[in-house]
Amino acid sequence: MSLLIVGTVAFDAVETPHGKVGRMLGGAATYSAVAASFFAPVRLLSVVGEDFTHRDHAVFRGRPIDTRGLERAKGRSFFWSGRYTPDMNDRVTLETQLNVLAEFDPRLPEHYRDSPFVFLSNLQPSVQHGVLRQMRRKPRLVALDTMNYWIEGALSDLRVVLRRVQVLLINDAEARQLSGRHNLLEAAERIQAMGPRALVIKRGEHGAILVRGRRIFSVPGMPLRRVFDPTGAGDSFAGGFLGVLAASGRLDESALRRAMIYGSVMGSFAVEKFGLERLRRLTRKQIRERARQFQQLTRFEL
Ligand code: AMP
């Protein structure tokens, strides 16, 4: 089944202990769409500026990603720059330039409006909500990702759209910020009261947890020898998670647990190289192998 993804297509400047890149293709929707496209057909909705070239567009070509909803506007594309801490578990945003995103008021192409799976990835909560309002029928699943920038700058809009979301994917710091609670289970409880029945809390190298009511499922982070750039790990996780759900069309507990594994698999690949480099060269065989490694990593008897 098709997965509609709305979010940023951007240029990023990133500094990690392994190096510095002044400008590379990035954006939450770019990472999510590429990751999800290994599993299910994707419909991409976003905006880019005049600086986005045919070469940049190549990242979507040859994959089942419909880009008829990728608008081109006058001006520059969204730009973000960030610096990671030496342990790479944290980062600071140095600059966020909304550019063409500031005026983005998307009109969904007709054929996007019946998408059964919808991922409102990171961008203005008001735009996320606008997308839902244009759907012809209620999607089977609506998932949302956000970050500190919007929690700080657009909290009331975020609260409105959260009421219409079933799965919220955020990182641990954002869960604490949104809920005002440090303990992650307490944070999850508070956030569930805001709308989403299920919460996926991404914890960087420590893995991720899925909380649904009182049910909890935890996935470890894949121990990796090389971590070059954590940028896009969360978005790639989300792409893998939702791509797998859209592919199977199932939303039961075992489907969600399986999706958590594939989310972790895609996140673990994303960090191995700078930007989208690793995902661009990824094969299905490598995905299958890493999923098996996850199975080995967590198998035990009592
Ligand atoms: P992640 O590392 O998965 O949290 O996502 C990093 C990506 O999010 C980068 O490629 C950025 O272009 C994009 N990004 C950064 N800040 C924002 C924001 N405020 N809204 C939407 N996307 C953003």
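Which of the 20 residues around the ligand come nearest? In this predicted model, they are Asp12, Gly27, Arg91, Gly232 and Asp235. Individual atoms make the picture more precise. A polar backbone atom of Gly27 lies 2.7 Å from an oxygen atom of the ligand. The side chain of Asp235 places an N or O atom 2.6 Å from a ligand oxygen. Gly234 also takes part, with a backbone N or O atom 3.2 Å from an oxygen atom of the ligand.

Asp235 leads the reader onward to a pair of helices, since this residue of α8 belongs to the contact with α1. Helix α1 covers residues 28-36 and helix α8 residues 233-248; their axes are 7 Å apart and form an angle of about 40°. Because angles of 35 to 65 degrees fall between roughly parallel and roughly perpendicular, α1 is oblique to α8. The two helices cross in a right-handed sense. On the α1 side the contact involves Ala28, Tyr31, Ser32, Ala35 and Ala36, and on the α8 side Asp235, Ser236, Gly239, Gly240 and Gly243. By class, these residues comprise 4 nonpolar, 5 polar and 1 charged.

A second helix pair consists of α6 (residues 172-179) and α7 (residues 184-192), which pack at about 55° with their axes 9 Å apart. That angle makes α6 oblique to α7. Here the crossing is left-handed. Helix α6 contributes Asp172, Ala175, Arg176, Leu178 and Ser179 to the contact, while α7 contributes Leu184, Ala187, Arg190 and Ile191. This contact contains 5 nonpolar, 1 polar and 3 charged residues.

Notes. Residues numbered from 1 in each chain as written. Predicted model: local features only at pLDDT ≥ 70, side-chain atom pairs only at ≥ 80, totals over all residues. Heavy atoms only, no water. Axes fitted to C-alpha atoms, helices over the stretch in contact; angles between N-to-C directions. Helix = DSSP H or I, 4+ residues; strand = E, 2+ residues; numbered from the N terminus. Parallel < 35°, antiparallel > 145°, perpendicular 65-115°, else oblique. Left-handed = near helix turned anticlockwise from the far one by under 90°. Contact = heavy atoms within 4.5 Å. Nonpolar A, V, L, I, M, F, W, Y, C, P; charged D, E, K, R; others polar. Near = heavy atom within 4 Å. Polar contact = N/O pair within 3.5 Å; in protein donor to acceptor, adjacent residues only side chain to side chain.
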